[in-house]
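Trainee: Hi! Could we go through this structure together? I'd like to talk about side-chain contacts.

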Amino acid sequence: MNISEKRTVLDDSASIYQKREEKSDRAKWKECKGFKAKWEHFKAYYLLKVFIAACAIAFVGYMVYEVIVPGKERMLYAAILDGVVLTADMNELEEGYASYISMDEETQELHFDNTMNVSNKSDVTSKQKLTAHAFAGDIDVLVATEEVIKEYAGNYLLPLSEQLPADLYETLTERFVYTRPLEDDGTYGDEAPYAIVITDLLPENPYCKEPLAMAICGNSKRTENAEEFLRYLLDAGSK
């Protein structure tokens with residue numbers, strides 16, 4: 001027998017030798033009967049693509065918004081440590097200061113934050129947050145108990161003689177909080193005023209009976225605004 005004439009087990013017309021035609025997505029979609037089938041088809045073939053496309057569009061939109069629409073100018077960042085001012089009272093302080101400086105709410109903003117519990121030894125996040133923002137120059141004002149304020153003298157704080165204008169410095173001498181900053185070599189520096197007592201200028205907090213003080217961060221980018229906040233407290237407290 002001629003080998004070339006030998007027939008294979010499967011005829012040439014068998015289905016495995018026939019060219020398969022892939023169905024289009026539209027055809028597959030039409031074959032889906034009912035909502036459940038169409039939903040399963042959509043999840044299998046389109047859901048991931050739609051999700052990726054939506055994320056890409058959102059990201060591009062965000063970037064365009066950031067470039068085209070300028071952010072608000074921050075006028076003051078006041079860090080109120082250990083919640084020594086209650087939230088409702090803090091909000092009133094923020095609103096009062098905004099009115100005091102005639103802040104334009106469409107283009108300017110304030111940030112008052114009483115969420116950092118630095119005296120809680122287990123709250124490492126608060127300490128890290130304070131350190132990061134203070135060294136970056138984001139925080140302008142610290143409000144805390146006198147003892148907590150003293151801990152940051154020399155680190156985040158400079159002597160008031162280097163921060164306050166002469167007229168304000170001279171009128172506040174009776175309110176000064178003095179301390180000796182801890183130096184890098186482990187010794188203590190000269191005693192100097194680093195903060196101002198403001199207990200009587202703030203709303204009473206029934207959960208905090210210790211004297212409260214305010215200090216201006218040494219790296220503040222808005223020291224003039226911090227001074228204005230101090231003037232606001234003094235003006236409001238005298239009424």
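Mentor: Sure, let's take aromatic pairs, salt bridges, backbone angles and cysteines in turn, and keep in mind that this is a predicted model.

Trainee: Great. How many aromatic pairs does the structure hold?

Mentor: There are 9 aromatic pairs. One of them is Tyr-97 with Tyr-232, a tilted pair with 6.0 Å from centre to centre and 55 degrees between the planes.

Trainee: And where do those two tyrosines sit in the chain?

Mentor: Tyr-97 belongs to helix 4, residues 87-100, and Tyr-232 to helix 8, residues 223-237. They are 135 residues apart, so this pair links distant parts of the chain.

Trainee: Are Tyr-97 and Tyr-232 buried or exposed?

Mentor: Both Tyr-97 and Tyr-232 are buried.

Trainee: What about Phe-112 and Phe-229, and why is that pair called edge-to-face?

Mentor: Their ring planes meet at 80 degrees and the centres are 5.6 Å apart, so the pair is edge-to-face. The cut-off for that class is over 60 degrees.

Trainee: Which elements does that pair link?

Mentor: Phe-112 is in strand 2, residues 108-113, and Phe-229 is in helix 8, 117 residues apart. This pair, too, links distant parts of the chain.

Trainee: How about their accessibility, buried or exposed?

Mentor: Phe-112 is buried at a relative accessible area of 7%, and Phe-229 is buried at 2%.

Trainee: Which residues form one aromatic cluster?

Mentor: The cluster is made up of Tyr-97, Tyr-100, Phe-112, Phe-229 and Tyr-232.

Trainee: Helix 8 keeps coming up. Which of its residues are buried?

Mentor: In helix 8 the buried residues are Asn-225, Ala-226, Glu-227, Phe-229, Leu-230, Tyr-232, Leu-233 and Leu-234.

Trainee: What span should helix 8 have, and how far apart are its end C-alpha atoms?

Mentor: Helix 8 has 15 residues, and at 1.5 Å a residue they should span 21 Å. The end C-alpha atoms are 21 Å apart, which agrees.

Trainee: Okay, switching to charges. How many salt bridges are there?

Mentor: The structure holds 8 salt bridges. Among them is the one between the side chains of Asp-140 and Arg-222, at 2.8 Å from N to O.

Trainee: What does that pair tie together?

Mentor: Asp-140 lies in the loop between helix 5 (124-136) and strand 3 (141-145), while Arg-222 lies in the loop between strand 6 (212-216) and helix 8. The pair therefore ties together parts that are 82 residues apart in sequence.

Trainee: Are Asp-140 and Arg-222 buried or exposed?

Mentor: Asp-140 is buried, with a relative accessible area of 0%. Arg-222 is buried as well, with 17%.

Trainee: Which residue forms a salt bridge with Asp-167?

Mentor: That's Arg-231, with the closest N and O atoms 3.3 Å apart. Asp-167 lies in helix 7, residues 166-171, and Arg-231 in helix 8, so the pair ties together parts 64 residues apart in sequence.

Trainee: And where do Glu-228 and Arg-231 lie?

Mentor: Both lie in helix 8, 3 residues apart, about one turn of the helix. Their side chains meet in a salt bridge at 3.7 Å, N to O. In general, an α-helix has 3.6 residues a turn, so residues three or four places apart point the same way.

Trainee: Which residues do the shared partners join into one network?

Mentor: Asp-167, Glu-228 and Arg-231 are joined into one network by salt bridges that share partners. Asp-167 counts as partly exposed at 45% relative accessibility, Glu-228 as partly exposed at 30%, and Arg-231 as partly exposed at 24%.

Trainee: New topic: backbone angles. What is odd about phi of Asp-82?

Mentor: Asp-82 has a positive phi of about 60 degrees although it is not a glycine. Asp-82 is found in the loop between strand 1 (73-80) and helix 4, and it counts as partly exposed at 22% relative accessibility.

Trainee: And what is phi of Ser-102?

Mentor: Phi of Ser-102 is near 55 degrees, again a positive value in a residue other than glycine. Ser-102 lies in the loop between helix 4 and strand 2 and is exposed, with a relative accessible area of 62%.

Trainee: Last one: how many disulfides are there?

Mentor: The count comes to 0 disulfides. As for cysteines, Cys-208 is buried with a relative accessible area of 16%, and Cys-217 counts as buried at 1%.

Note on methods
Residues numbered from 1 in each chain as written. Predicted model: local features only at pLDDT ≥ 70, side-chain atom pairs only at ≥ 80, totals over all residues. Heavy atoms only, no water. Phe/Tyr/Trp six-rings, centres within 6.5 Å; stacked < 30°, edge-to-face > 60°. Helix = DSSP H or I, 4+ residues; strand = E, 2+ residues; numbered from the N terminus. Buried < 20%, exposed > 50% of the residue type's maximum accessible area, 1.4 Å probe, protein only. Salt bridge = Lys/Arg side-chain N within 4 Å of Asp/Glu carboxyl O. Expected span 1.5 Å × (residues − 1). Disulfide = S-S within 2.5 Å.
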